[in-house]
Amino acid sequence: MDALVRRLYPLCRSITGDGVRQTLAVIDDLIPLTVHEVPTGTQVLDWTVPKEWNIRDAYVADATGRRVIDFRESNLHVVGYSVPVRTTMPLAELREHLHTLPDQPDLVPYRTSYYQPTWGFCLAQNVLDALPDGDYEVVVDSTLADGSLTYGEHVVRGQVDQEVIVSCHVCHPSLANDNLAGVAVAVQLARSLVNPYYTYRFIFAPGTIGAITWLARNAAVVEQVRHGLVLACAGDPGPLTYKRSRRGDAEIDRVLAHVLRDRPHEMRDFSPYGYDERQYCSPGYNLGVGSLTRTPYAGYPEYHTSGDNPDFVSPEAMVDTLAVCREAFAVLDRNRTFVNLSPYGEPQLGRRGLYDSLGGRSDAKDAQLAMLWVLNLSDGWHSLLDIAERAGLPFTAVVAAADALRAADLLKEA
Amino acid sequence: MDALVRRLYPLCRSITGDGVRQTLAVIDDLIPLTVHEVPTGTQVLDWTVPKEWNIRDAYVADATGRRVIDFRESNLHVVGYSVPVRTTMPLAELREHLHTLPDQPDLVPYRTSYYQPTWGFCLAQNVLDALPDGDYEVVVDSTLADGSLTYGEHVVRGQVDQEVIVSCHVCHPSLANDNLAGVAVAVQLARSLVNPYYTYRFIFAPGTIGAITWLARNAAVVEQVRHGLVLACAGDPGPLTYKRSRRGDAEIDRVLAHVLRDRPHEMRDFSPYGYDERQYCSPGYNLGVGSLTRTPYAGYPEYHTSGDNPDFVSPEAMVDTLAVCREAFAVLDRNRTFVNLSPYGEPQLGRRGLYDSLGGRSDAKDAQLAMLWVLNLSDGWHSLLDIAERAGLPFTAVVAAADALRAADLLKEA
Amino acid sequence: MDALVRRLYPLCRSITGDGVRQTLAVIDDLIPLTVHEVPTGTQVLDWTVPKEWNIRDAYVADATGRRVIDFRESNLHVVGYSVPVRTTMPLAELREHLHTLPDQPDLVPYRTSYYQPTWGFCLAQNVLDALPDGDYEVVVDSTLADGSLTYGEHVVRGQVDQEVIVSCHVCHPSLANDNLAGVAVAVQLARSLVNPYYTYRFIFAPGTIGAITWLARNAAVVEQVRHGLVLACAGDPGPLTYKRSRRGDAEIDRVLAHVLRDRPHEMRDFSPYGYDERQYCSPGYNLGVGSLTRTPYAGYPEYHTSGDNPDFVSPEAMVDTLAVCREAFAVLDRNRTFVNLSPYGEPQLGRRGLYDSLGGRSDAKDAQLAMLWVLNLSDGWHSLLDIAERAGLPFTAVVAAADALRAADLLKEA
C-alpha cells in the first residue's frame with residue numbers, strides 16, 4: 001500500500017482530466033477497473049459535468065526569470081481549475097491570486113476553484129514574505145475545454161445481487177492521506193474478497209461531482225445497495241474514526257461499532273460535511289453508508305497542505321485500517337437473521353451431539369452458550385450480530401453456532 | 001413590571017369579586033382585555049361557578065376596641081371566602097378560626113376556604129402569642145351572593161389561527177411573586193409580540209376554577225391550541241424552572257430546553273400539582289402546555305405568606321423571565337418543518353451564490369454548514385429546532401439557512 | 001422453611017424416580033399437590049420422557065472391603081442416572097469414572113448423565129489423592145427402567161382464570177440452596193395467598209425435562225399464563241438477584257424492579273442459561289417469567305457441591321426472599337389500569353369529600369397527591385404501577401387513591 005501511495009502521489013489529479021485517468025490506470029494494474037467517461041455538459045442530478053481541466057506547466061518567475069513558484073515542484077502550487085494566464089504584474093496585484101497559510105508558514109495550502117473561473121497560486125507564507133516587490137511573470141499553461149469526467153469501478157460479484165459499496169475520492173492532487181491512503185486500502189480490500197455473500201462495488205471517483213455522477217447514472221444499482229463505506233484519510237497516525245450513516249443505526253453502523261469496540265477509536269454521528277457520504281446519505285437516497293477514517297476530515301494540521309505527503313502516512317496505519325475493513329465486511333457478510341424451527345422449549349441438543357452429556361458442571365462451554373443464545377433469539381427479528389451483542393459473545397462464535405444449528409435443521413433463514 | 005406589581009399588590013383578589021375586576025382593569029390600561037363574567041351557578045366541566053365573594057372590612061378587636069388583626073393592614077389577614085360574621089367570643093373559642101405559621105412566627109399565612117362555608121383570620125404566630133385571654137370582637141363584613149366569576153383575555157392575532165396560550169392566575173390577594181410577577185411578565189410579553197406566526201392568547205383568570213371555566217367555554221379555541229405556557233412565580237431571586245407538559249416531549253418542552261440550555265435552570269417532569277397546567281394537562285385535553293417559574297410552587301419560604309411582598313421580587317428577575325419567554329416564543333414562532341426539493345445528492349449551492357467558490361479550505365462557514373444541515377434533514381420529519389439541536393448550531397442560524405434555501409426554491413414547507 | 005429444607009435434604013432426587021415422589025409427598029403434607037406421572041417414552045415437545053432411574057446403594061470399596069466412596073454417606077457420590085455396575089477394576093481404570101473438584105479439594109461435586117448411559121462416582125480430590133493404587137470393587141445398585149416422570153402442582157384459584165406460575169426444580173439430590181430453599185419459599189408463599197386476583201399455580205418439577213413436560217401437557221393453561229417466577233437458590237447469604245424475562249419489560253420485570261428498588265439487589269438481563277426460565281422464555285412461548293434467586297446460578301463456590309448443605313442456607317435469607325415474593329405478588333395482584341371518567345380538567349374532589357377544604361397550604365397530603373396522579377395518568381395506558389413509579393409514591397398509596405376514586409365513580413377499569 002505504501003508503494004501505491006508513493007506511485008500515485010506525484011500525479012496532478014483534479015475533478016476531471018488526465019491526472020484522474022493516470023490514477024485509474026495505476027489502480028487497474030492491481031485490480032481490473034471499468035473506467036467511465038461522462039462528457040462535459042451532461043446533467044447529473046442537480047449538477048452539470050464541467051469542462052475538463054488539464055495543465056502542462058505553471059509558474060511565477062521574477063525579473064531574472066527564476067521560478068519563485070513552480071508547478072513542477074508540486075502540483076499544490078496551482079489552484080485547481082486555474083484558467084490559462086500568461087502575463088506580467090507587480091507583486092501587489094499578484095497577491096490577490098496568492099494563497100498561503102499564515103499560521104503554518106512553511107506549508108503550501110491546497111486550493112481549488114472548480115465552478116468560478118479564476119486562477120491562483122498557493123505557496124508557503126515564508127516564501128511569500130521573502131518575495132521582493134517588483135514585476136513577476138505569471139504563467140498558467142492549462143486548458144479548460146469540453147472533455148469528460150472520469151471514474152472507475154471494480155466489482156466483486158457475490159452470491160446475491162445486493163451490494164456493498166466502497167467509495168474513495170480520487171480528485172486530490174499530491175495529498176497522501178487524503179486520499180491516496182484510502183485508495184490503497186480499498187485496492188487491498190478488493191483483492192482480499194473471496195466469494196463473498198454480497199456483491200462488493202469499489203468506486204474511485206472525484207469528490208462530490210464524481211459521486212453525484214455515479215449516483216445519477218446508477219439508479220438501478222442504487223436500488224441494490226444495502227451497505228457502504230466511504231474510505232478516506234486511512235493512513236495517518238491517529239486512531240480510527242467511524243462516522244455513522246445518516247440513519248444512525250444502519251447495519252453498517254452497528255457492524256463497525258462491534259468491530260471497533262475493543263480498539264482505540266472514536267464514533268461520530270452523521271453530519272452533512274466531510275466526504276462523499278454527503279451524497280450517499282442525502283435524504284433522497286439515505287443509504288446505509290458510513291465513513292471510516294483515521295483522523296477525520298479537517299482534523300489534523302497537515303490536512304489539505306503540503307504536509308500531507310507520503311511520509312505522513314504509515315504502512316502500519318494502513319494495515320490497521322485494512323484489518324478493520326476486512327473484519328467489518330466479514331461480519332456484514334455473515335450477518336443473517338434466522339428462525340428457530342423448534343421454538344417451544346429448548347430442543348434437545350444432546351441427542352444431536354451438540355451438548356455435553358455430563359451435567360451439573362458450572363463451566364458451560366462458549367459453543368453451547370452460543371447455541372442457546374441463537375436458539376433463544378432467532379425469532380425472525382434478531383440478526384446474528386444482535387445476538388452476539390446481546391450475548392457478549394464473539395460474532396464468529398455466534399456464526400459457528402448458527403452453522404451447527406442449521407446443519408441440525410434447527411434453524412432456517414428468516 | 002415592578003410598577004405594575006406594586007400597583008396590583010394592595011388589591012384584595014379572590015377567585016371571584018371586585019378584586020379580580022380591578023386587577024383586570026389595571027391590566028387593560030396596558031393591553032386591551034376582553035373581560036368575561038360567568039354567572040354564579042354556571043356548570044363548568046365537573047365544577048359549578050360559586051357565589052361571588054366581596055369584602056369591605058374585617059377585624060378582630062380587643063376589649064378596648066383596638067384592632068389586633070386588621071384587614072385594612074393586609075388582605076391576607078382574612079381567610080379568602082370567609083362568610084360574614086359579627087360577634088364577640090373568648091380567645092379560646094376564636095383560636096379555632098385563627099391560622100398561623102408556628103415555624104415562621106413573623107409571617108402571616110395565606111389561606112382560603114372557597115367551597116366550605118366558614119370564616120377565619122390569619123396572623124403571625126408572634127402576634128397570636130402576645131394576645132391576652134379575654135373576649136374579642138370579631139367582624140367580617142363580607143358578602144357571598146349570586147354574581148359572577150371574572151376573567152380576561154388578550155389576543156394577538158397571528159398569521160394562522162393555531163394558538164399559543166399564556167395563562168396566569170389572578171386570584172391571589174397580596175402576594176407579589178405568586179402571581180403579580182407572572183402577570184407583569186405576561187403583560188410585557190404580550191406587548192412585545194409583533195405580527196407573530198401563531199395567534200397568542202393571554203388568559204388572566206382565577207386559579208383552578210378560572211382555568212376550568214375558560215376550558216369549559218372555549219372548546220373550539222382549545223382545538224386550535226398548539227402550545228402554551230403557564231406563567232407564575234416569575235420574579236423571585238431563584239433560577240428559572242421549567243416544568244414539562246404532561247406529554248413530556250411536546251414542542252414547547254423542547255423549545256424551553258433549547259432556550260434554557262445555556263442558562264442556570266432546572267427542568268422538571270410534569271406532575272399534577274402546581275398551577276393551571278393541572279387543568280390544561282388533564283388527560284382529556286393533554287395540551288402541550290408547560291409551566292415556567294423561577295423557584296417553583298411551594299419551593300421558597302415566603303411562598304403563600306406575607307413574606308411574598310413586592311420587595312421579594314426583583315425587576316432583574318422579571319426581565320430575565322421575560323427574556324426567556326421572548327426567546328422561546330421566537331423559536332416556537334419560527335420552528336417549521338420543510339422538505340428538500342432536491343433531495344438526491346446535494347444541490348449545487350455554488351451556482352446559486354450560496355457556497356464559497358474557493359474550495360479546499362477547512363474552515364467551513366457556519367452559514368454554509370447550516371444550509372447543508374437543513375438540506376440533509378429536511379425530509380418532512382425534522383423541524384428546524386430538531387436540526388439546530390442535532391447540528392449544534394444556533395436556531396437563528398438554521399432559520400437563516402432555511403430562509404436562504406427557500407428563496408432559492410430548494411425547500412418547501414412540509 | 002428451615003425444617004422443610006432439612007427434611008428434604010437427604011432424599012436422593014433426580015429427574016425421575018422415587019426421590020421426586022417422596023419430595024412431593026413431603027410438600028403435599030404442607031400444601032395439597034396434584035401429582036402427575038408421565039410414562040417413559042412420552043413425546044414432550046422436542047424431547048422424550050426417559051427411563052425412570054432408582055438407586056438402592058452404590059459404593060467403591062478397597063481390597064479390605066472398606067467403602068472408600070459410599071452413596072449412603074451422601075447421594076452426591078453417585079453420578080445421577082448411573083447405569084448399574086458391579087465389577088472390580090484397578091484405580092487407574094476407575095479414574096475415568098471419578099469426578100472431583102481439584103480447585104476445591106474438600107468438596108464433592110454434583111454430576112449427572114441423564115441421556116448418555118454411563119456410570120460414575122463423585123468425591124473430594126483429597127480423598128482421591130489418598131487412595132492407594134490397586135483393585136477396587138465398584139457397585140452401583142441402580143435400575144433404569146420404564147416408569148414415569150413425576151411432577152406436582154398446587155393451584156390457588158383467584159378471581160380470574162389468568163394465571164401466575166411459580167416454578168421450582170425438584171431434581172437435585174442433596175443440595176440445599178439449589179433448590180430446597182426455593183421449594184421451601186414457594187410452599188410458604190402458596191400458604192400465604194388469600195383470595196388473590198390471579199390464579200396462582202405452583203409447579204414442582206424436575207429441571208428442563210420437567211418444565212418441558214409441563215409445557216407440553218398444558219397448552220391451554222399456558223394461554224392463561226400472564227406472569228411467572230422461577231424460584232431457585234433462595235436461601236444463601238447473598239443479596240437478591242432478579243433476572244428479567246426474555247421480554248425485558250414484562251410486568252413481572254417492572255414489579256420486581258419496583259419491589260427491589262430499596263433493597264440491596266442485582267438486576268440481570270435475560271440469558272438463555274440458568275433454570276427453567278430457559279423453557280418458559282423460549283421464543284415460542286416468550287412468557288413474562290423472570291427468575292428470582294439470591295446468588296444466582298453458578299455464582300457461589302458451594303454451587304453444585306457438597307458445600308451446598310442445609311448449613312449454607314439461613315432462615316433469615318429465606319424469610320427475606322419470601323417477603324419480596326409476597327410484596328411482588330401483592331403489587332402484581334393489585335396492578336390494574338383505569339380510565340378517568342372525568343378527564344377534562346380536574347374533577348372537583350372537595351365536594352366529594354376527597355380534598356381538604358382549607359386552601360393555600362403548601363403541604364399537600366400524600367393521599368391527595370396520589371389521587372391527582374391517578375386521575376391525571378388514568379388514560380387507559382398507565383397502570384397503577386406506572387403511576388407509582390412516575391409519581392414516586394408507594395404503590396399502596398396509589399392503590400388506595402384508585403380505590404377512593406372508584407368509590408366516587410371517577411374511575412373505571414380500562
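Let me begin with the interface between chain B and chain C, where 27 residues of chain B are in contact with 27 residues of chain C. I should say at once that the model under discussion is a predicted one. In chain B, the residues that lose the most area to chain C are D46(B), P272(B) and Y273(B), which together make up 27% of what that side buries. The total area buried between chain B and chain C is about 2,300 Å². Carbon and sulfur atoms give 51% of that area.

I turn to the polar side of this interface. Between chain B and chain C there are four salt bridges. One pair that forms a salt bridge is E346(C) with R278(B), whose closest N and O atoms are 2.6 Å apart. The count of residue pairs in polar contact between these chains, with both residues at pLDDT 80 or more, is 14. As for secondary structure, β3 (47-48) and α9 (277-280) of chain B each supply at least two residues of the side that touches chain C. By class, the residues on that side of chain B divide into 13 nonpolar, 10 polar and four charged.

Next, the interface between chain A and chain B. The contact takes 28 residues from chain A and 27 residues from chain B. Which three residues of chain A supply more of the area buried against chain B than any other three? They are D46(A), P272(A) and Y273(A), and their share is 27% of the area that chain A buries there. Between chain A and chain B the buried area is about 2,300 Å², and carbon and sulfur atoms give 51% of it.

Here, too, I list the polar terms. The salt bridges between chain A and chain B number four. D379(B) forms a salt bridge with R246(A), and the closest N and O atoms of this pair are 2.8 Å apart. Residue pairs in polar contact between chain A and chain B, both at pLDDT 80 or more, number 13. On the side of chain A that touches chain B, β3 (47-48) and α9 (277-280) of chain A each supply at least two residues. That side of chain A consists of 14 nonpolar, 10 polar and four charged residues.

I now move inside chain A. The chain is divided into domain 1 (2-50 + 148-334), domain 2 (53-145) and domain 3 (337-413). Two UniProt annotations, each from an unreviewed entry, may be set beside this division. The record lists "domain: DUF4910" for residues 3-335 of chain A, and "domain: DUF2172" for residues 52-143 of chain A. For residues 3-335 of chain A, the end C-alpha atoms lie 34 Å apart, and the span is 28% helix and 26% strand. For residues 52-143 of chain A, the end C-alpha atoms lie 8 Å apart, with 10% helix and 36% strand in the span.

How do domain 1 and domain 3 of chain A meet, and what does their interface hold? Eight residues of domain 1 of chain A are in contact with 10 residues of domain 3 of chain A. The C-alpha centres of these two domains lie 36 Å apart. The area buried between domain 1 and domain 3 of chain A is about 770 Å², and carbon and sulfur atoms give 50% of it. In domain 1 of chain A, R254(A), H258(A) and R334(A) lose the most area to domain 3, together 69% of what that side buries.

Two salt bridges are counted between domain 1 and domain 3 of chain A. The side chains of R254(A) and D386(A) meet in a salt bridge, at 2.8 Å from N to O. Across the interface of these domains there are three residue pairs in polar contact, both residues being at pLDDT 80 or more. Helices α8 (251-260) and α10 (315-334) of chain A each supply at least two residues of the side of domain 1 that touches domain 3. By class, that side of domain 1 of chain A has four nonpolar, one polar and three charged residues.

Finally, I consider salt bridges over the structure, which holds 86 of them over all chains. R201(A) forms a salt bridge with E163(A), with 2.6 Å between the closest N and O atoms. R201(A) lies in strand β12 (residues 199-205) of chain A and E163(A) in strand β11 (residues 163-169) of chain A, so this pair ties together parts that are 38 residues apart in sequence.

Definitions and conventions
Residues numbered from 1 in each chain as written. Chains lettered and ligands numbered in written order. Predicted model: local features only at pLDDT ≥ 70, side-chain atom pairs only at ≥ 80, totals over all residues. Heavy atoms only, no water. UniProt positions renumbered as here; feature names shortened; annotations may be inferred. Helix = DSSP H or I, 4+ residues; strand = E, 2+ residues; numbered from the N terminus. Contact = heavy atoms within 4.5 Å. Buried area = accessible area lost by both parts, 1.4 Å probe. Polar contact = N/O pair within 3.5 Å; in protein donor to acceptor, adjacent residues only side chain to side chain. Nonpolar A, V, L, I, M, F, W, Y, C, P; charged D, E, K, R; others polar. Domains from an automatic or database assignment.
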